Amino acid sequence: MQEDGTWCQTDKEKATAFATYLSNVLSIPQTNDNNTENVFKKKLDSACPMTLPITPFSPTEVKEAINKCNNHKSHGFDLITGLILKELPRKAIVFLTTIYNSMLRLAYFPILWKFAQIVMIHKPGKPPNRVTSYRSISLLPVTSKIFERLLLKRIQMGVDINEAIPAHQFGFRENNSTTHQCHRIVNMILKSLEEKKLCTAAFLDIQQAFDRVWHDGLLYKLKHTFPTPYYLLLKSYLADRYSQIKFNMETSAVFPVCSGVPQGSVLGPLLYLIFTADIPTRNETIIATFADDIALMASNEDPLAASQSLQAHLIQLEAWHSDWRVKVNETKSAEVTFTNRRTNYPQVTINGEQLPVKNEVKYLGLILDQKLKWRSLQRNPKLTTSYGRCIGLSDANLN
């Protein structure tokens with residue numbers, strides 16, 4: 001359905017409708033705080049300190065990166081697949097290496113390698129007549145992904161990523177997974193229940209988290225985290241990005257991408273983690289993040305004290321969200337209080353909206369109920385073995 005309420009009749013009209021919707025989503029996040037925006041722009045325009053250049057790539061490194069390409073991955077608009085690149089002769093590999101090293105030397109990312117074709121996939125259970133019922137899949141050129149993979153290795157060599165990203169962030173990091181974060185959450189709840197305490201938690205849903213990353217804010221953090229050559233190259237990487245919707249055999253007009261980290265890219269997850277690395281923390285609460293999934297927990301014998309600690313952290317998050325133009329979806333967020341008591345407890349709010357109170361919540365695929373009785377396992381016995389053992393429960397607890 002188009003913006004004027006009329007139905008899309010042709011594939012061309014459908015592609016245009018999707019393009020109009022996504023161009024609005026990927027526009028620059030708006031704010032009323034012009035002073036903060038001016039401060040950021042002033043700091044971004046300031047001179048960068050001089051540092052050593054990035055170590056050039058060798059043809060062997062490029063060849064190894066190409067060999068690791070998945071043959072089944074979709075190609076970009078240039079129709080070049082990983083399988084094609086694997087058939088390149090030695091001379092072509094040397095030529096591609098020269099291009100990559102020129103990009104490092106000039107701190108320039110070619111605009112054609114920043115162009116993405118987007119296909120829309122219908123979300124199961126959603127009404128098919130709405131543009132919001134479709135998931136966008138961005139297809140980038142394989143050659144650009146190979147360069148990103150090589151650059152990521154250089155970044156890991158030149159920057160202490162573990163120092164830049166907080167310990168509570170388990171997403172897109174080696175030796176960390178949803179299982180580890182679930183163990184951390186469950187242990188916190190079990191400890192509170194065993195100590196006869198009340199554990200109140202807020203599970204926040206970030207609206208279009210990866211698509212709404214504010215570029216100036218991200219560049220500000222990159223400038224303070226990465227050496228100058230990496231910052232300048234990533235600045236070129238984020239600038240002048242364009243996309244196009246492809247629906248069956250029809251395509252939409254090209255539209256600019258002014259916000260977000262590039263979907264389907266290699267560097268996108270790292271850039272998002274850098275952007276959210278300074279999310280506020282408090283000693284009185286526990287914060288658990290996995291990419292854009294955020295959980296805040298406060299434990300205390302007194303329900304009022306636990307609620308006040310959680311509310312204080314939410315107030316800090318409100319200010320952080322406002323500064324960095326992050327939008328919380330209050331209606332999809334939830335508050336759950338884990339306790340064996342039958343008592344009333346104060347509710348918490350964010351952005352002036354009261355968080356919906358629920359008896360159970362789904363976090364990273366794990367359904368947590370108020371008393372941690374794993375009722376979801378009882379309702380669906382097929383989940384018992386894999387789901388229960390994932391969180392460390394014995395077979396006796398599961399039955």
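Which residue of β8 is the bridge partner of F203? It is A295, and that little match is a good way into this predicted model.

**The sheet**

F203 belongs to a bigger arrangement: strand β3 covers residues 198–204, strand β8 covers residues 293–300, and they pair in the antiparallel sense over seven bridges. Step back and you'll find four strands in an open sheet, ordered β7-β8-β3-β9, with antiparallel pairing. At the edges sit β7 (286–290) and β9 (334–338), each of which pairs on one side only. On average, neighbouring strands here are turned by 20 degrees against each other, if you ignore direction. As for side chains in a regular strand, they alternate between the two faces of the sheet.

Now follow β7 into β8. The two pair in the antiparallel sense over five bridges, and I286 has M297 in β8 as its bridge partner. They also make a hairpin with two residues between them, and in the turn A291 has a positive phi of about 60 degrees. Being an edge strand doesn't leave β7 out in the open: four of its five residues are buried, so β7 is largely enclosed by the rest of the structure.

**A helix across the sheet**

Helix α8 (residues 178–194) lies across β3, β7, β8 and β9, and runs at about 160 degrees to β7. A handy residue to look at in α8 is Q181. Is Q181 buried or exposed? Its relative accessible area is 0%, so Q181 is buried. Leaving aside neighbours within four places in sequence, Q181 is in contact with H168, F170, A288, T289, F290, Y363 and L364.

**Rings meeting rings**

Aromatic side chains are worth a tour of their own, with 14 aromatic pairs in the count. Here are two of them.

| Pair | Centre to centre | Angle between planes | Arrangement |
|---|---|---|---|
| F18 and Y134 | 5.0 Å | 70 degrees | edge-to-face |
| F57 and F147 | 5.9 Å | 85 degrees | edge-to-face |

Why do these pairs catch the eye? Take F18 and Y134: F18 lies in helix α1 (residues 11–25) and Y134 in strand β2 (residues 134–139), so the pair ties together parts that are 116 residues apart in sequence. F18 and Y134 are both buried.

The other pair does a similar job of linking. F57 is in the loop between α2 (34–44) and α3 (59–67), while F147 is in helix α6 (residues 142–158), so parts 90 residues apart in sequence are tied together. F57 counts as buried at 4% relative accessibility, and F147 is buried too, with a relative accessible area of 0%. Both rings also join Y100, F109, W113 and Y237 in one aromatic cluster.

Some rings have a charge for company. The charged end of R241 sits over the ring of Y237, 4.7 Å from the ring's centre. Likewise, the charged end of K221 sits over the ring of W324, 3.9 Å from the centre.

**Two helices with buried residues**

K221 brings us to helix α9 (residues 215–225). Eight of the eleven residues of α9 are buried, so this helix is largely enclosed by the rest of the structure. The buried ones are H215, G217, L218, L219, Y220, K221, L222 and K223.

Y100, from the aromatic cluster, is among the buried residues of helix α5, along with I93, L96, T97, N101, S102, M103 and L104. What covers the buried residues of α5 includes α3, α6 and α10 (228–238). In general, an α-helix has 3.6 residues a turn, so residues three or four places apart point the same way. Helix α5 (residues 90–106) has 17 residues and reaches 24 Å from its first C-alpha to its last, close to the 24 Å expected at 1.5 Å a residue. Just after α5, A107 takes a positive phi of about 55 degrees.

**Back to α1**

One last stop is K12, which has its place in helix α1. At 41% relative accessibility, K12 counts as partly exposed. Which residues is K12 in contact with, leaving aside neighbours within four places in sequence? They are E250 and T251. K12 and Q316, on the other hand, are 304 residues apart in sequence and 46 Å apart in space, C-alpha to C-alpha.

Conventions:
Residues are numbered from 1 along each chain as its sequence is written. This is a predicted model: local features need pLDDT of at least 70, side-chain atom pairs count only at pLDDT 80 or more; totals for chains, interfaces and linings use all residues. Side-chain values use heavy atoms; hydrogens and water are left out. Rings of Phe, Tyr and Trp (its six-membered ring) pair if their centres lie within 6.5 Å; planes under 30 degrees apart count as stacked, over 60 as edge-to-face and the rest as tilted. Buried means under 20% relative accessible area, exposed over 50%, partly exposed in between (1.4 Å probe, protein chains only). A charge sits over a ring if NZ of Lys or CZ of Arg is within 6 Å of the ring centre and within 35 degrees of the ring normal. The expected span of a helix is 1.5 Å times one less than its number of residues. Contact means heavy atoms within 4.5 Å. Two strands pair if DSSP finds at least two bridges between them. Axes are lines fitted to C-alpha atoms, for helices over the stretch in contact, and angles run from 0 to 180 degrees between N-to-C directions.
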